[in-house]
Protein chains: 2
Amino acid sequence: MMKLLTRDTDYAVRALIFIGKEAKRENRMVTVDEIVRALKLPRALLRKLLQALSKSKILNSGKGKRGGFSLSKDPRKINISDIITIFQGPVDFTNCLLRNAPCPNRKICRVRKKILSLSRYVDSELKKITLASLT
Amino acid sequence: MMKLLTRDTDYAVRALIFIGKEAKRENRMVTVDEIVRALKLPRALLRKLLQALSKSKILNSGKGKRGGFSLSKDPRKINISDIITIFQGPVDFTNCLLRNAPCPNRKICRVRKKILSLSRYVDSELKKITLASLT
DNA sequence: TTATAATGATACTAAAATAGTATCATTAAA
DNA sequence: TTTAATGATACTATTTTAGTATCATTATAA
Ligand code: FES
Ligand code: FES
């Protein structure tokens, strides 16, 4: 089946929504274990995902006791396109290849032109889906 | 990298465009070897793709000498969504899963709702990209 | 009527992307 | 100084994508 979000992205978004909610209520760090309990995601995997979000500056993290994660910015400034970019690369559907080399028709190809504009539209719509709009 | 069309779909579309052009000029069957010469696609793979298009009634085929393929319908009635469906399944981005089981939030999930409407939009746009519009 | 030139069906291998786990290192607080 | 947390990293498994090969069938033409 086709998918726009891979599992990594999907799980990351769910975790971010949860972190956003908790932080709002209590203004503190949220731990991996809390998220695992609430969302039933595989722990080892979730750790990897949150570490990536932290490296990408979407999350702040704190080590040691009382450590955990919190959103590093306003949930209105975090959108699905950003998260996809982290786990799947940029939203770009135009990948016409011929035996792993760029296809020579690229410049003039009408399929490519149409797919490109569609791709841009999708990206712009995904940028409108912010964490705030999901909470 | 993300992709909307896999290689199968991409090659199939190129082949269909070529078949459409040739058939218009000469009203005859086009063989795999002609397409291979013109488009430089791998022969064994192209055979498999055209056989699938034939099974799906997009192409007519003729066996034996003078055999080959031709479009089975008006190029205005063949669109990219159809071709994607054959090689990749239907255009549907909403596949939220939890350890391979459908995610329990599906009914109420706002992410899913937004992705669903985006997915429908993309499909409707892809349906507008017909073979005729590319020739 | 038979050689030939075409597709049909099908089975197979290879490579890449996705999905998921495990472990040791580091750090901050109690 | 123990403990509870994340950081870094290496690893395996599964699924999807990509691609090849071969024998069967059939229509034409010599
Ligand atoms: S055929 Fe390659 S860009 Fe369109
Ligand atoms: S979290 Fe599964 S449908 Fe949204």
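How much area do chain A and chain B bury between them? In this predicted model, the two chains bury about 3800 Å² between them, and 65% of that area lies on carbon and sulfur atoms. The tour begins at this interface, continues through chain A, and then turns to individual sites.

**Stop 1: the interface**

Display both chains and select the residues of each that touch the other. The selection holds 44 residues of chain A in contact with 44 residues of chain B. Within chain A, colour A:Met1, A:Met2 and A:Leu118, which lose the most area to chain B and together account for 17% of what that side buries.

Next, colour chain A by element. Those that give two or more residues to the side touching chain B are helix H1 (7-26), helix H4 (80-88), strand E3 (97-98), helix H5 (110-128) and helix H6 (131-134). H5(A) gives the most to this side, with nine residues. By residue type, the side of chain A that touches chain B divides into 27 nonpolar, seven polar and ten charged residues.

With side chains shown, a search for salt bridges across the interface of chain A and chain B returns zero. Polar contacts do occur there: ten residue pairs, with both residues at pLDDT 80 or more, are counted between the two chains.

**Stop 2: chain A as a whole**

Hide chain B and view chain A as a cartoon. Chain A has six helices and four strands, and along the sequence these follow the pattern α-α-α-β-β-α-β-β-α-α. The radius of gyration of chain A is 18 Å, well over the 14 Å that the globule rule gives for 135 residues, so this chain is more spread out than a compact globule. Rotating the C-alpha trace of chain A to its principal axes shows spans of about 60 × 30 × 25 Å.

Of the 135 residues of chain A, 48% count as buried. Among contacts in chain A with a separation of 6 or more, 61% come from residues 24 or more positions apart.

**Stop 3: two residues with positive phi**

Most residues other than glycine have a negative phi. Select A:Lys40, which has a positive phi of about 60 degrees although it is not a glycine. This lysine is found in the loop between helix H2 (32-39) and helix H3 (43-55) of chain A. A:Lys40 counts as exposed because its relative accessibility is 57%, above the 50% limit for that class.

Restore chain B and select B:Asn100, another non-glycine residue with a positive phi, here about 70 degrees. B:Asn100 lies in the loop between strand E3 (97-98) and E4 of chain B. With a relative accessible area of 64%, B:Asn100 is exposed.

**Stop 4: salt bridges**

How many salt bridges does a search of the whole structure find over all chains? The search finds 14. In chain A, select A:Glu22, A:Arg28 and A:Glu34 together, since these residues are linked in a network of salt bridges.

In chain B, select B:Arg28 and B:Glu34, whose side chains meet in a salt bridge of 2.9 Å, N to O. B:Arg28 counts as partly exposed at 25% relative accessibility, whereas B:Glu34 is buried, with a relative accessible area of 17%.

Then move to B:Asp10 and B:Arg14, where a salt bridge brings the closest N and O atoms to 2.6 Å apart. Both residues lie in helix H1 (residues 7-26) of chain B, four residues apart, about one turn of the helix. B:Asp10 and B:Arg14 are both buried.

**Stop 5: B:Asp123 and its partners**

Select B:Asp123 in helix H5 of chain B. Is this residue buried or exposed? B:Asp123 is buried, with a relative accessible area of 17%. Leaving aside residues up to four places away in sequence, B:Asp123 touches B:Ser81 and B:Val91. A polar contact of 2.6 Å joins its side chain to that of B:Ser81.

Add B:Lys127 to the selection. The side chains of B:Asp123 and B:Lys127 meet in a salt bridge (3.4 Å, N to O). Because they are four residues apart in helix H5 of chain B, the two are separated by about one helical turn. B:Lys127 counts as partly exposed, at 41% relative accessibility.

**Stop 6: B:Cys109**

Finally, select B:Cys109, in the loop between strand E4 (101-102) and helix H5 (110-128) of chain B. B:Cys109 counts as buried at 18% relative accessibility. Add B:Cys96, 13 residues apart from B:Cys109 along the chain; the C-alpha atoms of the two cysteines are separated by 9.7 Å.

Definitions and conventions. Residues are numbered from 1 along each chain as its sequence is written. Chains are lettered from A and ligands numbered from 1 in the order in which they are written. Side-chain values use heavy atoms; hydrogens and water are left out. Contact means heavy atoms within 4.5 Å. Buried area is the accessible area (1.4 Å probe) that two parts lose on being put together, summed over both. A salt bridge is a side-chain nitrogen of Lys or Arg within 4 Å of a carboxyl oxygen of Asp or Glu. A polar contact is a pair of N or O atoms within 3.5 Å; within protein, one must be able to donate a hydrogen and the other to accept it, and residues adjacent in sequence count only if both atoms are side-chain atoms. Ala, Val, Leu, Ile, Met, Phe, Trp, Tyr, Cys and Pro count as nonpolar, Asp, Glu, Lys and Arg as charged, and the others, Gly among them, as polar. Buried means under 20% relative accessible area, exposed over 50%, partly exposed in between (1.4 Å probe, protein chains only). The radius of gyration is taken over C-alpha atoms; the globule rule is 2.2 Å times the number of residues to the power 0.38.
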